[in-house]
Each structure stands twice: as C-alpha cells, then as structure tokens.
Amino acid sequence: MEGPHTNAAAKARGLATRVSDSFSLVPSKAETEAVELCRFLDQTDGLARSEQLFDSLSDFALNFGCPWVAYRPLKPNHKFSTPTRCSQKAMLNYPDEWLKRYSEMDYDRIDPIINKSRKRVRAFRWSEVYSDASTTKIERLVLDEAASFGLRSGISVPMHGPESSFAVMSFAKPSEFEFDNRTITYLQLAALHFHSKVATVDSSCAVGTPSLSLREKECISWVARGKSSWDIGTILGISHNTVDFHVKNAMQKLDVTSRIVAAMKAVDFGIIEL
C-alpha cells in the first residue's frame with residue numbers, strides 16, 4: 001500500500017529526472033552542428049592557403065554526411081573562369097570516375113546545377129532541380145549519372161559577385177535522405193564564409209601559374225578531353241608509359257593527386273584550353 005511518503009518520493013524522483021534532463025551533458029544534434037560550425041569559422045582564421053581552407057571545409061562537411069565538396073568559380077555563359085589570380089581556382093574532391101565521365105560527356109554545357117545557379121541566390125537541393133518542370137530530360141540525365149557514381153543527393157550554393165561573375169559550392173552525399181533545412185543553413189553559411197576567405201587569402205598570395213612543358217601540356221590537354229594514356233600515346237606517337245610520366249610531372253607541378261583534377265586545374269590557370 002502506498003502512502004503519502006511514497007507518492008512524495010515518486011514525485012521527487014520525477015522532478016529530479018526532469019532537472020537532470022534539462023542539464024544533460026550530452027549535446028543535441030543541433031548543438032553539435034552549431035559547435036562544429038563555430039569550430040570551422042575559428043579554424044579558417046589561421047589558414048593562409050586556399051587549399052587549406054578547402055580541406056577545412058571538407059572536414060566540416062563530413063559532420064553532415066557529405067564526403068564530396070566542389071567549389072567552382074564561373075563567368076557568364078562560360079564553363080570555368082579563366083583565372084588571373086590563384087583565388088579563381090576550382091577545388092573539388094568528387095570521385096575521379098565521375099570527373100572523367102563528366103569531362104568525356106562535356107556535361108558542363110548542360111549541367112542543370114550550373115544552369116540553375118545562374119538564376120538563384122539561395123542554396124537549393126538537387127532534388128528540387130530534378131523535379132522542376134523547366135529541367136529537361138537530358139539535364140536530368142546528368143543528375144541520374146551522378147547518382148550512379150555515388151552522388152545521390154546534394155545541395156548547391158550560388159555565390160554571385162561583381163561583373164556578373166559567380167561561384168557555385170556543392171555538397172554531395174551517397175545517402176538518398178534529403179538535407180533538412182538546418183543542415184542547408186549551416187552548409188550555406190560555411191560556403192559563403194569559405195568564398196569570402198578564399199578571396200581574401202588568395203588576393204594577396206604570391207603563387208604564380210605553374211610552368212608545364214609543351215609535352216606535359218599536350219598530355220594534360222588530352223586528359224581533359226577524357227582520353228586514356230593509351231589513347232594519348234597513340235595520338236602523340238609516344239608510349240603510354242611516357243604519357244604517364246608527363247602526366248605525373250604535371251600533377252606534381254599542379255600539386256594534385258588526380259589526373260582529372262590536374263586537367264581541370266590546368267584549365268583554371270589558363271595553361272590549356274578546351
């Protein structure tokens with residue numbers, strides 16, 4: 001039989017549980033994400049190179065399940081901008097297989113993410129573009145193929161600048177679960193901060209355009225067109241081992257570990273043209 005003292009004890013335990021919950025030492029998901037954003041903002045203050053900023057941004061994006069990030073400065077009606085400063089480099093860590101396919105198919109001409117970014121000012125989900133009535137069948141094909149390479153969902157942040165120039169920051173993940181509004185807000189803030197910091201850091205940097213030999217330029221130019229080392233060797237009349245040698249040298253000079261990214265970087269620097 002329960003008496004008044006038993007009821008009082010139960011109420012006390014209930015109150016203690018509620019108080020304990022209110023002062024829980026385990027942060028919520030929202031609190032954790034906010035802390036990570038603050039950490040990212042603090043970390044970037046001490047970074048002096050755009051590559052370091054990109055690495056920091058990539059680490060931040062992992063907190064939201066996004067292993068892939070792409071930053072691409074563009075100009076009106078052009079593919080990638082032709083930079084005169086190191087601040088105008090494209091930086092991305094997409095899968096090499098997808099980058100090769102993208103280059104081979106010349107998808108930058110029909111990429112719906114780029115096309116929609118020109119007309120938008122806020123972050124948007126890729127799914128919104130896919131379901132948009134104005135998106136063509138061939139544009140949806142680009143998103144379908146991206147998904148087949150693991151980039152199943154993503155968001156993009158348009159960042160418009162002077163003289164109609166702009167950049168696009170994209171975050172992608174292998175999961176098909178949609179990005180919630182809070183996540184989009186955090187990623188958009190991080191993208192805008194990155195974009196601002198890159199302009200500030202690289203506007204005063206002294207890094208010049210890498211110098212590639214004529215043969216290195218030829219090999220990288222064909223890599224940018226989606227050709228294999230064997231194909232390039234046949235075209236240039238040299239062995240595929242020699243092609244690999246020149247491509248690796250170019251990668252080293254461009255400070256990248258992927259031949260596809262080396263080709264894209266060479267385009268950004270104006271070293272080669274497509």
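Which residues does Ser117 touch, not counting residues up to four places away in sequence? In this predicted model, Ser117 touches Phe124, Ser156, Pro158, His160, Phe166 and Val168, where contact is taken as heavy atoms within 4.5 Å. Residues are numbered from 1 along each chain as its sequence is written, and side-chain values use heavy atoms, with hydrogens and water left out. Because the model is predicted, local features need pLDDT of at least 70 and side-chain atom pairs count only at pLDDT 80 or more, whereas totals for chains, interfaces and linings use all residues.

Ser117 is found in helix α5, which covers residues 112-117; helices (H or I, at least four residues) and strands (E, at least two) are DSSP runs, numbered from the N terminus. With a relative accessibility of 0%, Ser117 counts as buried, the classes being buried for under 20% relative accessible area, exposed for over 50%, and partly exposed in between, with a 1.4 Å probe and protein chains only. Between the C-alpha atoms of Ser117 and Phe166 the separation is 8.9 Å, although these residues are 49 residues apart along the chain.

Among the residues touched by Ser117 are Phe124 and Ser156, which are bridge partners, Ser156 lying in β4. The strands belong to an open sheet of five strands with antiparallel pairing and the order β2-β1-β5-β4-β3, two strands being paired if DSSP finds at least two bridges between them. Since β2 (91-92) and β3 (124-125) stand at the edges, each with a single partner strand, one side of each is left without a neighbour in the sheet. Strands of a sheet pair through backbone hydrogen bonds, either parallel or antiparallel. Here, β3 and β4 (residues 153-160) pair in the antiparallel sense over two bridges, and Ile155 of β4 is the bridge partner of Arg125. The pairing of β4 with β5 (residues 166-173), also antiparallel, runs over eight bridges, and within β5 the bridge partner of Ser156 is Ser170. Strand β4 is mostly covered, seven of its eight residues being buried.

Ser170 also appears among the contacts of Tyr94, which, leaving aside neighbours within four places in sequence, include Trp68, Val69, Ala70, Leu99, Trp126 and Leu151. Tyr94 is, together with Trp98, Leu151, Ile220 and Leu254, one of the residues with the most contacts inside the largest nonpolar core, which has 44 residues; such a core is a set of buried Ala, Val, Leu, Ile, Met, Phe, Trp, Tyr and Cys residues joined through side-chain atoms within 4.5 Å. Helix α12 (residues 259-269) gives the most to this core, with eight residues. A second, separate core of 28 residues includes Leu53, Met169, Ile184 and Phe194.

Leu254 is also one of the buried residues of helix α11, the others being Val243, His246, Val247, Ala250 and Met251. Seen down the axis of α11, these buried residues fall within an arc of 140°, so they line one face of the helix, the arc being that of the directions from the helix axis to the C-beta atoms. They pack against α9, α10 and α12, while Asn241, Lys248 and Gln252 are exposed on the other side of α11. The helix, at residues 240-254, has 15 residues and reaches 21 Å from its first C-alpha to its last, close to the 21 Å expected at 1.5 Å a residue, the expected span being 1.5 Å times one less than the number of residues. Asp255 follows α11 and lies in the loop between α11 and α12, where this residue has a positive phi of about 60° although it is not a glycine.

A positive phi, of about 55°, is also found at Asp106, again not a glycine. Asp106 is located in the loop between α4 (96-104) and α5 and, at 29% relative accessibility, counts as partly exposed. The C-alpha atoms of Asp106 and Arg225 are separated by 8.4 Å, with their positions 119 residues apart along the chain counted as sequence distance. Arg225 is placed in the loop between α9 (214-224) and α10 (229-236) and is partly exposed, with a relative accessible area of 35%. Beyond its neighbours within four places in sequence, Arg225 is in contact with Ser103, Glu104, Glu273 and Leu274. The side chain of Arg225 also makes a polar contact of 2.4 Å with the side chain of Ser221; a polar contact is a pair of N or O atoms within 3.5 Å, of which, within protein, one must be able to donate a hydrogen and the other to accept it, residues adjacent in sequence counting only if both atoms are side-chain atoms.
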